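Got your viewer open and a hand on the selection tool? Let's take a walk through this one together, stop by stop.

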Amino acid sequence: MAVLSEEQTMLRDMAREWTSNESPVTAWRKVRDADDAAGFDAAAYGEMAQMGWSGIIVPEAYGGSDFGWLSLGLVIEELGKTVTASPLAASAVAASAIVLGGSDEQKQKWLPGIASGEIVATLAVDEGPRHDPANIKASVSGGKLAGSKAFVAEGDSAGLFVVAATDGLYLVAGDAAGVSRSRRKLTDFRSHAEVTFDGAEADKLAGGGDDLLEKVLDRARVLAAAEMLGMAGQGFETTLAYLKQRVQFGQVLATFQALQHRMANLFSDIELMRSAVEAGLAAIDSGGDTRQAALLAKVKANEVGHLMSREMIQLHGGIGMTDEYDAGFYLKRMRVLEAMWGNTSSLRERFAQLNGY
Amino acid sequence: MATLAEPKTSADPLDDFRSEVRDWLAANFPASLKGKGNALASVEGPTSETPEMTAWRIAMGEKGWGTPTWPKEYGGGGLSKAQARVLSDEMARVGAWNPIGGMGVMMFGPTLLEYGSEEQKRQHMPGITMGEVRWCQGYSEPNAGSDLANLQTFAEDRGDHYVVNGQKTWTSGGQWADKCFCLVRTDKSDKHNGISFLLIDMDAPGVEVKPIKMISGMSPFCETFFTDVKVPKENLVGQEGQGWTIGKRLLQHERTNLSGGGSRLSTSGPSLADLAKKFVGEEDGRIADRDLRARITKWEMDWRAFQLTAMRVMAESKAVGGVSEVSSILKTVGTKLGQERQELIIEIEGLQGLGWEGEGFSEDELHQVRAWLFAKATTIYGGSTEVQNNIIAKRILGMLDHQ
């Protein structure tokens, strides 16, 4: 764990306490069973907003606390531990686009609502099943956006879309004329919508430089990695607890050396993942070029998250395959997060390009 | 240089020390020795020193700055950690290197300071702090590697002395050492508590050293045979039966002093990508082989994550004033990545990377082959990867053998 300030420690402890008491995995199970398109408990998100979480990266002038990305990452990690669903990460990423590239007017119009949790916001970039920000066709003409976006996180409930068009990022209100959404139900039962824009009014984010989209994607990658870190860490702990209690062949499973070594290797992998994720969050906070740190965070999260999600099922044996057990939730959500904002192969290639390999 | 009449004062007392160090280095470290640090000298000793190196070693030894934080009364520099860092920085600035090292410094000296008697400290510390006496480690045996406590070299009690019989293996620098700190068995009925820590003269009658030829072609280690070697009782460190405790403490010192090594992988010279472009070719300024490119990229990213982890461990350990449990993964991960890098180089260079000697190969290439071979030992020595995993599983994860 990174060395934290007192404030960060308090925030993390608060998140840990809330998640354990108010949002254990059973809370996700209820949301999953309700099968609502929104894919999260609005009351729970309201509580998160009340605790200030939806404003952590919003400047104080707009109702946030500006505690920074490492702070937000700590909270997202805790939520990941119990596969808690919320639009917290999506809204923060969208908010960051406005913070980095918005006019004062645009900031005043949208940030306070995001900070208070009233507005769910989300970034809409990809137009197909694989992350490919270089291949965007959605375009704006005369202030009107035409195009469609695929698998938009929280797309079913978003009140604000930050849309990547051919010539930049645009703000589109969720209730604007010409916006239509269609649910896409993935294995993680979270909201991923096909969103079509047909002459919807679009307000350009003119600031932030030519690389505004890339900077925002870095933030999306790092927050996804933070959620994956929580999932991998808790997946490990849950598996370890199981191995210490399950008896076969007259022995507790944890006494078998092959399993001891497998868990030791996973322990090591998760610590490497943690270092990369925390460094990614810290890189955003310290300003400067975040590209490589964000790529490293997402790639390590993908690699280790992928492995841990498989091992969790395998090491639980047969019961790991039952819906009654939690392991399936981690597997099904992890794979979705692996694909979002860049899979391992494509991000490694991007890292190679940046380094001239 | 300060005079008696006008003592220098400054806002930071370290500034005064820094000037003192600079002045002393200017006066005692000849520019001709810059970058000529001979690591082997601390093992091989004075025989491979030039007269200039000898003078430098004596100067550092007399100042106690070869072992800067050790107590002055035993020949150390008596410096604080902060002062030692200043010394180290200033030395690096002028290309000066520490001529005093070896196992006496790295492991035995600190252990003796904790467990040795006054006489033993007075007898042995000066040789270490002056870099005059070379020590080797008598731990492993053919039947006691990972299971070190299984050691059988026996020290028979003969009243005022022991008679030692047995065999040690992997004795680093045994062929050049003056003395050996040795784990011997004094009680055959108790595996761990029957071990004692004994100091043996390598010149004593009955001690025979045979270098072991490694796959790298070099012989840095030896087998050491003890046949009826008489060792005075004065050479017992601590109590009889305390050897396992003292021996383990010594290994902790070794680990602490080697801990930087893992992340200090030699990445000097061309990068993997540069090497790949040279041997495999380029396509639009990028490595022409895409599969190789992806694997090199993976290595570079894993290496970066490892470096970040080493830094995090340091920061965490400092914050808690102890050792972060994450440090347990550093040797395993670092050595694995080190080996993978060596294997990538071999792969990239094809048969040019597998030269043994003679015509058609550069010095660097031949050196690289030795490095590749020797790197195979890194996951074995100092606690093999498998033993490290046992430790992580049992001590950190609490997965005990009997539950």
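What follows is a tour of a predicted model, with something to select at each stop.

**Stop 1: colour by confidence**

Start by colouring chain B by pLDDT. Its mean is 91, and 92% of the residues in chain B reach 70 or more. For the model as a whole, the scores are ipTM 0.91 and pTM 0.88.

Now select residues 1–6 of chain B: pLDDT stays under 50 there, and the model gives this stretch one contact beyond four places in sequence. Then jump to residues 260–264 of chain B, where pLDDT also stays under 50. That second stretch has five contacts beyond four places in sequence.

**Stop 2: the interface between chains A and B**

Next, show both chains and select whatever touches across the boundary. You should pick up 40 residues of chain B in contact with 40 residues of chain A. How much area do chain B and chain A bury between them? About 3,200 Å², with 63% of it on carbon and sulfur atoms. Put B:M301, B:L397 and B:M399 in sticks: they supply 21% of the area that chain B buries against chain A, more than any other three residues.

**Stop 3: charges and polar pairs**

Turn on side chains along the boundary. There are five salt bridges between chain B and chain A. For one of them, zoom in on A:E349 and B:R286, whose closest N and O atoms are 2.7 Å apart. Polar contacts link 16 residue pairs between the two chains, counting pairs with both residues at pLDDT 80 or more.

Which elements of chain B should you highlight on the side that touches chain A? Try α8 (272–280), β10 (286–287), α9 and α12 (385–396), each of which supplies at least two residues. The largest share, 16 residues, comes from α9(B). Colour that side of chain B by residue type and you'll get 18 nonpolar, nine polar and 13 charged residues.

**Stop 4: one threonine in α9**

Last stop: select B:T309, which sits in helix α9 (residues 290–320) of chain B. Is B:T309 buried or exposed? Its relative accessible area is 1%, so B:T309 counts as buried, the cut-off being under 20%.

Show everything around B:T309 and you'll find neighbours from both chains. From chain A, B:T309 touches A:E271, A:L272 and A:S275. From its own chain, leaving out residues up to four places away in sequence, B:T309 touches B:V326, B:I329 and B:L330.

Conventions:
Residues numbered from 1 in each chain as written. Chains lettered and ligands numbered in written order. Heavy atoms only, no water. Helix = DSSP H or I, 4+ residues; strand = E, 2+ residues; numbered from the N terminus. Buried < 20%, exposed > 50% of the residue type's maximum accessible area, 1.4 Å probe, protein only. Contact = heavy atoms within 4.5 Å. Buried area = accessible area lost by both parts, 1.4 Å probe. Salt bridge = Lys/Arg side-chain N within 4 Å of Asp/Glu carboxyl O. Polar contact = N/O pair within 3.5 Å; in protein donor to acceptor, adjacent residues only side chain to side chain. Nonpolar A, V, L, I, M, F, W, Y, C, P; charged D, E, K, R; others polar. pLDDT = per-residue confidence, 0-100.
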